[in-house]
Amino acid sequence: MSTMPAIDWNSLVAAAREVREHAYAPYSQYQVGAALLSGSGKVYVGCNVENASYGLALCAERSAIAAMIADGERTIRAIAIVTDGPVPGPPCGMCRQVLAEFADDVPVHLASAQAGSMARTTSLSKLLADPFRPHMLRGNPGGTP
Ligand code: THU
């Protein structure tokens, strides 16, 4: 039996919904909020941050991961993402790979802020079947030579 407490999806989704309000998305008008549950049980949030140089946009998921790393944590247990649009948007390919750096497989809950949209729960292993892993770098787990 696992000693891990159950994931409180309601509060994770609420945190993602709340931080989404802070998204800086004047170019796409597509606001995204992400809330992740870390190994220690803390919740870290992030939102997308766009730029006049469009290609520099930072996704909500990687923004939440950066907050977790900055706080000294290294493992993700679950993530909730709240997007815009008629259907919830799953994380982009880049964010999937960055999530995989800190999680073998985690549940990913997807919701949209738009009324009437259907939320769904998937997993990182479904979204990214064969991630590039740190140990693949010269056989060294940390990647450093
Ligand atoms: N975006 C995210 O924040 N997460 C994703 O996984 C998909 C895309 C953001 C980037 C950009 O600011 C806006 O959504 C439109 O692509």
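**Entry 1: the shell around the ligand.** I sorted the residues around the ligand by character and got seven nonpolar, two polar and two charged. I kept in mind that this is a predicted model. Next I wrote down who they are: Ser28, Tyr30, Val32, Asn48, Glu50, Cys59, Ala60, Glu61, Pro90, Pro91 and Cys92 surround the ligand. The two charged members are Glu50 and Glu61, and the two polar ones are Ser28 and Asn48.

**Entry 2: polar atoms facing the ligand.** Which ligand atoms do the side chains of Asn48, Glu50 and Glu61 approach? I found a polar side-chain atom of Asn48 at 2.9 Å from a ligand oxygen. For Glu50, a polar side-chain atom lies 2.5 Å from an oxygen atom of the ligand. With Glu61 the partner is a nitrogen atom of the ligand, 2.8 Å from a polar side-chain atom. I then looked up the cover: the ligand taken alone exposes 380 Å², and the protein buries 77% of that.

**Entry 3: the pocket.** Where does the ligand sit? I checked the pockets, and the ligand takes up the space of the largest one.

**Entry 4: a look at Phe102.** I moved on to the loop between α3 (93–101) and β4 (107–112), where Phe102 has its place. Setting aside neighbours within four places in sequence, I listed its contacts as Ile65, Met68, Ile69, Arg74, Thr75 and Ile76. I also compared Phe102 with Thr3, 99 residues apart along the chain, and their C-alpha atoms are separated by 20 Å.

Notes: Residues numbered from 1 in each chain as written. Predicted model: local features only at pLDDT ≥ 70, side-chain atom pairs only at ≥ 80, totals over all residues. Heavy atoms only, no water. Near = heavy atom within 4 Å. Polar contact = N/O pair within 3.5 Å; in protein donor to acceptor, adjacent residues only side chain to side chain. Areas by Shrake-Rupley, 256 points an atom, 1.4 Å probe, with all protein chains shown as cover. 1 Å grid on protein atoms, 1.4 Å probe; cavity = no way out; pocket = protein on both sides within 12 Å on 5 of 7 lines; lining within 4 Å. Sits in = over half its atoms within 2 Å of the grid points. Helix = DSSP H or I, 4+ residues; strand = E, 2+ residues; numbered from the N terminus. Contact = heavy atoms within 4.5 Å.
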